[in-house]
Amino acid sequence: MKVTVVGAGNVGATCADVLAYREIVNEVVLVDIKEGFSEGKALDIWQKAPIDLYDTRTTGSTNDYSKTAGSDVVVITSGLPRKPGMTRDDLIETNAGIVRSVTEQVVQHSPEAIIIVVSNPLDVMTYQAHITSRMPRTKVMGMAGILDTARYRAFLAEELNVSPKDIQAMLLGGHGDTMVPLPRYTTVSGIPVTELIAKDRLEAIIERTKFGGGELVKLMGTSAWYAPGSAAAQMVESIVKDQRHIYPVCIKLEGEYGIDGTYLGVPVVLGKNGVEKVIELQLNEQEMELMQTSNRHVREVMDVLDRMNNK
Ligand SMILES: NC(=O)C1=CN([C@@H]2O[C@H](COP(=O)(O)OP(=O)(O)OC[C@H]3O[C@@H](n4cnc5c(N)ncnc54)[C@H](O)[C@@H]3O)[C@@H](O)[C@H]2O)C=CC1
Ligand SMILES: O=C([O-])CC(=O)C(=O)O
């Protein structure tokens, strides 16, 4: 199995490292526009192989996509990260052009690849990659929900003083302040979380989760990479090993949740064909309202992209 990671910056290099040291695939190609950058990162990861004992071959390429030919999965992380004071949506202008040109080159050399978009604003960059690639919706998806639920699960584990491994959760909607964490679908070793935590504490954790990316941007001056890189690698693993995990993934909705044409996070089964199935939860009125708010927000940013692309 061969995976290409485009963008050898913080998120891309972390993703490549996880794919290598966990031996998720045999071969990882890192691509970046900066001369020598991806080659250097790939060489560094390869030189760690005798220490951490893995044999995934890792190579780099400065914008030469012929080296990515025949990839099974391509992870797109190229693009600007935000700085303090910015929203993810502020990145649209620069990142749309990058995602468009990268997708064109990816598809030319790996027409069968499954594409996982990471660049922000996530839902709208997934839209950009999907329309550029002209592939079925099941093969072009965005990574956000695994990261957002991981943050939610980590905060809950800290609050309850239990292992983060025991916390299961689901989340819907766009990757932004309108994301929809679902307490009704959150359990701790099978116990509904609402039985273990006070309502106001749970609400505070949900609020912290919604702004989890911004919290890190404020602390570091740029956005997160360890959890995002691992989250993208986890999606790759479910695909290349046909594990059929259920994860929250951004995909174009076609009538599910009463929404048509918007790219939003929903639970899906992830296997060798990409999204094998979209799971439709029976939402209550309040959850549906939150999902619609998220839908309206992502739709607005999709409209901005449409106007940019039609200029
Ligand atoms: N979906 C999510 O949950 C998350 C998304 N992100 C997003 O991921 C993106 C990358 O973040 P970082 O890795 O922290 O940024 P970074 O600045 O460390 O790395 C981005 C890399 O992309 C490269 N690049 C730019 N244009 C390119 C092109 N045309 N072709 C190939 N490479 C190109 C740059 O040279 C740079 O090395 C950002 O847009 C960020 O907002 C970050 C974290 C989580
Ligand atoms: O916050 C950002 O800009 C990067 C991101 O999407 C996240 O870490 O959730």
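**Figure 1. Here α5 passes α6 in a right-handed crossing.** As in the other views, what you see is a predicted model. The two helices, α5 (residues 145-160) and α6 (residues 199-210), pack at about 145°, and their axes sit 9 Å apart. On the α5 side, the contact is made by Asp148, Arg151, Tyr152, Phe155, Leu156 and Glu159. Facing them from α6 are Arg201, Ile205, Arg208 and Thr209. Sort the residues of this α5–α6 contact by class and you get five charged, four nonpolar and one polar.

**Figure 2. Ligand 1 sits in a shell of 36 residues.** Closest to ligand 1 are Gly9, Val11, Ser78, Asn120 and Pro228. Two or more shell residues apiece come from α1 (10-21), β2 (27-32) and α3 (92-109). Helix α3 supplies the largest share of the ligand 1 shell, with four residues. By class, the residues around ligand 1 split into 19 nonpolar, 14 polar and three charged. Domain 1 (2-142) and domain 2 (145-309) both chip in residues, so ligand 1 lies between them.

**Figure 3. Ligand 2 has 13 residues around it.** The closest ones to ligand 2 are Arg82, Arg88, Gly213, Ser223 and Ala224. Helix α7 (residues 212-220) gives the largest share of this shell, four residues. The mix around ligand 2 is six nonpolar, five polar and two charged residues. Why does ligand 2 lie between domain 1 and domain 2? Because domain 1 (2-142) and domain 2 (145-309) both give residues to the shell around ligand 2.

Methods:
Residues are numbered from 1 along each chain as its sequence is written. Chains are lettered from A and ligands numbered from 1 in the order in which they are written. This is a predicted model: local features need pLDDT of at least 70, side-chain atom pairs count only at pLDDT 80 or more; totals for chains, interfaces and linings use all residues. Axes are lines fitted to C-alpha atoms, for helices over the stretch in contact, and angles run from 0 to 180 degrees between N-to-C directions. A crossing is left-handed if the near helix is turned anticlockwise from the far one by less than a right angle, and right-handed if clockwise. Two residues are in contact if their C-beta atoms, placed from the backbone, lie within 7 Å. Ala, Val, Leu, Ile, Met, Phe, Trp, Tyr, Cys and Pro count as nonpolar, Asp, Glu, Lys and Arg as charged, and the others, Gly among them, as polar. A residue is near a molecule or strand if its C-beta atom, placed from the backbone, lies within 6 Å of it. Domain bounds come from an automatic or database domain assignment.
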